[in-house]
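Biologist: I am new to this one. Could you show me how to read its features, step by step?

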Amino acid sequence: VYEVFKNVAGKYDLMNDAMSFGIHRLWKDHFIHRMAPVEGTKLLDVAGGTGDIAFRFLQYIQSQNDDPIMVEESFSIPTNIEAGAYSIPSDYAEEEKIDLSGYKEDTSHVTVCDINQEMLNVGKSRAEEAGIFTGIDWVQGNAECLPFEDNSFDAYTIAYGIRNCTHVDKVLTEAFRVLKPGGRFMCLEFSQVNNLGLRRLYDSYSFEVIPVMGQVLARDWKSYQYLVESIRQFPNQKKFAAMIRQAGFGMVTYENLTFGVSAIHSGYKLLKVVK
Amino acid sequence: MAREDDRMYVDGNGQLRERKLGYDELYPGHIPTSTLQKVLLSIGSAGMSLLDPSRDDMIATLGETTGTWALRSIKEKMEADPTGQRILTEQPVINTNTVSIDYLGSLPEGTFGKKYWHFLSKNGFSPDARLPIHFVDDPELKYVMLRYRQVHDLFHSVLGMPPHMLGEVAVKWVEALQTGLPMCALGALFGPLRLGPKHTKKYLETYLPWAIRNGQNAKFLMAVYWEEHWEDDLETLRQELNIEPPPIIASKS
């Protein structure tokens, strides 16, 4: 899997747009709207490589703060290097366990964690281009064994990453561990299309067209055929919801997007955990 | 059998599915494709090679997806010729293991091998730099395609055409007339659109008619066992093959 994403990193964003005809942007927008984060949220975005979720998270909060009804100081995204000097320096990330006590309690923050450094690098340069220097950190790490303390995040997201993990159950228990009590787990992932007619169309499109796009746009047939197969193998909406419950989460729900091509699963680390 | 087990997998709904055939089943690098996929690949690779000329793999792909009929015809013609049949049986490959660049360089000026050596060293080419073949579904036709790609540089040498746009188009004309490969025909027809005014004039007045004459009159070049001619005198070889030497305007290549 690592090799697949090493090859894929450079053209990742282009391929996402091509394969979904840009719809993946809508899915991600909707995902963040469902999260409806508020100022002060500490988010851990796992397998977030190129930063799509992280940037939307920050933008959502900023747009909320731009609302004139809000009184407190808005969360501004500075564009000068000086402001960047006040953020946690990126070499902090090389430590074994990340100490989050240094973060100011009232500011929103997103930590992007990905096993693949190439993906993180793409994300970092996108952040630089957008002028985002504070409120975001990039950490290399394994979703099955996160380099973070227990109970340290308000929210955990994993968008289009969990199906690539070898042990999904471990990813879920790690997510449970690093979330604060009351924290929310949210997953955006490809799921199963249950309408038979649509499924046939979707299968044809996936198996016939997507590897061809991979070859033409990214010179990589194999990785995109793998992608299509891995989507088919991922547990369906109900099964996945059950797995999330099994990891200890409560109030687990899911919502289909585009007839089940994608699905948002959500769960909470309830304050009183009855095992 | 392990292969059979690998073929099936259970999907997210608990249903058994068959895995798509993978890489390498027919020959190393082979990717099985449906007709629809070949059509999509042809359109996509044609478009991409125009949009991004650095994607040499796209022209190769276009050749593979559109070439089946022409490859079959080339193979038949080769089978009808004793030398051609020998090539198909022995399946020689031109790379630095089978041909020593130093040996070619040591040959006297005026030989075919020395000409090829000049072509390689002047342009920084290597006979090893061949893109792998993916989309040809018959292993024998795959060899024919491979042979075509290898001897393309030799065609440049025997025709005396440098690898700039004008020379490439001239070679493509000869190849298109000789092999019938659609990719060659497309290159021959659309390549000239990229030529500047000075070259366009040269092209229309001199190179195009010369290339067409060669394409039509020369012996079937795919059936030539090129590796046996390194030491031949170039002009004698050209006469034997019915090839007109390049127009005087062409510089040494």
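**Surface, interface and core**

Modeller: Let us start outside: Leu186(B), Leu189(B), Phe190(B) and Leu193(B) make up a nonpolar surface patch with about 430 Å² of accessible area together. Patch members have over 30% relative accessible area and no salt bridge, and nonpolar side chains are joined within 5 Å; areas come from the Shrake-Rupley method with a 1.4 Å probe. This is a predicted model, where local features need pLDDT of at least 70 and side-chain atom pairs count only at pLDDT 80 or more, while totals for chains, interfaces and linings use all residues. Residues are numbered from 1 along each chain, and chains are lettered from A in the order written.

Biologist: Is Leu189(B) buried or exposed?

Modeller: Buried means under 20% relative accessible area, exposed over 50%, partly exposed in between. Leu189(B) is exposed, at 53%.

Biologist: How much area do chain A and chain B bury between them?

Modeller: The size of an interface is often given as the accessible area lost when the parts come together. Here chain A and chain B bury about 2200 Å², 51% of it on carbon and sulfur atoms. In chain A, Glu208(A), Val216(A) and Trp221(A) lose the most area to chain B.

Biologist: How many salt bridges cross that interface?

Modeller: A salt bridge puts a side-chain nitrogen of Lys or Arg within 4 Å of a carboxyl oxygen of Asp or Glu. The rule finds three between chain A and chain B. Asp56(B) forms a salt bridge with Arg219(A), their closest N and O atoms being 3.7 Å apart.

Definitions and conventions:
Side-chain values use heavy atoms; hydrogens and water are left out. Patches are made of residues with over 30% relative accessible area and no salt bridge: like charges are joined within 9 Å, nonpolar side chains (Val, Leu, Ile, Met, Phe, Trp, Tyr) within 5 Å. Buried means under 20% relative accessible area, exposed over 50%, partly exposed in between (1.4 Å probe, protein chains only). Buried area is the accessible area (1.4 Å probe) that two parts lose on being put together, summed over both.
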